[in-house]
Amino acid sequence: MKLKTRLYVTFLCIAALPIVLFILAFIIVGTVMIKLEQTGADSLMELVPGRLMFSLSICIIIIMVLIAMSLTRWIAKGVFYPINEMSIGMKQIAEGNFEYRLAPENVDGDMKELYENFEEMRQRLKENCEGSIENEEKNRELITNISHDLKTPITAIKGYVEGIMDGVADTPEKMDKYIRTIYNKANDMDRLINELTLYSRIDNNRIPYTFLRINISDYFNDCIEDIGVELESKGIELNYSNFVPADTRIIADPEQLKRVINNIISNSVKYMDKEKEKSTIDIRLLDEADAVKVEIEDNGRGIPAKDLPNIFDRFFRSDSSRNSSKGGSGIGLSIVKKIIEDHGGYIYATSKEGEGTCMHFVLRKYEDNANE
Ligand SMILES: Nc1ncnc2c1ncn2[C@@H]1O[C@H](COP(=O)(O)OP(=O)(O)OP(=O)(O)O)[C@@H](O)[C@H]1O
Ligand SMILES: [Mg+2]
């Protein structure tokens with residue numbers, strides 16, 4: 001019951017009850033007097049009404065005290081009990097215990113609303129707190145990974161520089177080898193720092209996308225030309241098939257989309273299975289109702305089923321990649337995922353160990369309603 005209603009009921013009881021009780025008392029005394037008059041008991045006439053009046057007054061006072069006590073208890077139960085509970089709840093939250101729950105089903109009226117608001121606040125605070133703990137953990141992990149990935153080339157550079165200073169590189173060939181290695185390691189660091197900068201900019205939504213309407217077939221024709229030359233030089237066969245209508249357009253940032261394709265292709269090249277007779281990469285454009293699906297498939301070494309759900313996570317590298325000499329920091333696919341999602345699309349991978357990997361990403365078509 002609402003607090004207001006409780007107060008009105010209490011007020012009415014306190015104001016009206018004495019009047020009702022006294023009217024009742026007068027009716028009783030009046031009736032007794034009439035009865036005595038009729039029976040002609042004169043001596044009793046003087047005695048009984050006075051006593052009756054006294055007894056009735058005592059009864060009325062007792063009834064009123066009892067009713068006042070019950071009403072006070074009723075109000076206290078409706079107000080002080082929930083306030084007390086809320087005060088305990090607030091204290092628990094202030095101490096960082098976000099599990100202390102107030103049950104709105106135990107109260108009614110205004111207090112129910114208050115409890116519900118408190119519950120909402122508690123849940124929001126809990127989510128925020130969990131979110132910041134998760135972020136803190138991610139940041140810690142990020143710093144550990146960055147330190148580790150930067151330390152590896154720095155240690156190598158230091159080692160080779162010390163070699164030169166100590167005169168270990170005593171022939172022009174050795175010197176050339178050392179300097180080349182230092183150069184390559186410095187390049188690795190440069191690439192890693194660039195990727196990290198890009199990732200943090202993408203993560204904080206600080207990449208200003210330049211979205212354009214692009215014809216997907218024209219765009220991929222140009223891409224395939226560039227990629228084809230590079231793959232050919234590496235002895236990888238590129239097969240391209242396009243199943244989308246020639247006039248299909250999408251809204252995309254051409255530069256960032258190129259980054260997506262390059263990252264996926266560079267993984268396919270990096271994780272090719274050297275044992276296989278022929279290395280191939282297939283690129284397919286498929287037509288879906290209101291979207292275009294791009295599939296990039298390789299016949300490389302594949303990804304173990306247990307790793308597949310994690311490959312788009314920042315800094316994830318499968319054990320075999322970590323243990324191989326192939327460089328990388330596990331950022332590539334997390335950038336790819338972020339860019340595709342910023343385009344309103346989605347990406348997933350299918351893979352079979354030993355057979356190959358296929359990356360599927362879907363981009364929405366641009367529907368030209370105005371028929372310009
Ligand atoms: N085509 C592929 N074939 C086999 N494994 C792959 C393929 N693509 C990705 N992976 C696996 O997924 C992991 C994550 O890929 P991702 O591109 O994010 O990182 P990376 O290639 O290791 O490093 P980076 O791209 O930052 O240089 C890789 O380490 C590899 O284990
Ligand atoms: Mg990669």
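## A salt bridge across the chain

In this predicted model, Glu237 and Lys278 form a salt bridge, with their closest N and O atoms 3.0 Å apart. The two partners come from distant parts of the chain, 41 residues apart: Glu237 belongs to strand β2 (residues 236–242), while Lys278 sits in the loop between α6 (254–270) and β4 (279–288). Glu237 has a relative accessibility of 31%, so it counts as partly exposed. Lys278 is also partly exposed, at 47%.

## Strand to strand, and within a helix

Next, have a look at Glu297 and Arg284, whose salt bridge brings the closest N and O atoms to 2.7 Å. Glu297 is in strand β5 (residues 291–298) and Arg284 in strand β4, so this pair ties together parts 13 residues apart in sequence. Arg284 counts as buried because its relative accessibility is 18%, under the 20% cut-off. Glu297, at 29%, is partly exposed.

A helical example is the salt bridge between Glu341 and Lys337, at 3.5 Å from N to O. Both residues lie in helix α8 (residues 332–342), four residues apart, or about one turn of the helix. Glu341 is partly exposed at 41%, and so is Lys337 at 29%.

## The wider set

How many salt bridges are there by this rule? The count comes to 17. Elsewhere, Arg101, Glu105, Glu119 and Arg122 are linked in a salt-bridge network.

## A nonpolar patch on the surface

Phe54, Ile58, Ile61, Ile62, Val65, Leu66 and Met69 make a nonpolar surface patch of about 710 Å². Phe54 is found in helix α2 (residues 42–94). With a relative accessibility of 58%, Phe54 counts as exposed.

Conventions: Residues are numbered from 1 along each chain as its sequence is written. Chains are lettered from A and ligands numbered from 1 in the order in which they are written. This is a predicted model: local features need pLDDT of at least 70, side-chain atom pairs count only at pLDDT 80 or more; totals for chains, interfaces and linings use all residues. Side-chain values use heavy atoms; hydrogens and water are left out. Patches are made of residues with over 30% relative accessible area and no salt bridge: like charges are joined within 9 Å, nonpolar side chains (Val, Leu, Ile, Met, Phe, Trp, Tyr) within 5 Å. Accessible areas come from the Shrake-Rupley method with a 1.4 Å probe; for residues, only the protein chains shown count as cover. A salt bridge is a side-chain nitrogen of Lys or Arg within 4 Å of a carboxyl oxygen of Asp or Glu. Helices (H or I, at least four residues) and strands (E, at least two) are DSSP runs, numbered from the N terminus. Buried means under 20% relative accessible area, exposed over 50%, partly exposed in between (1.4 Å probe, protein chains only).
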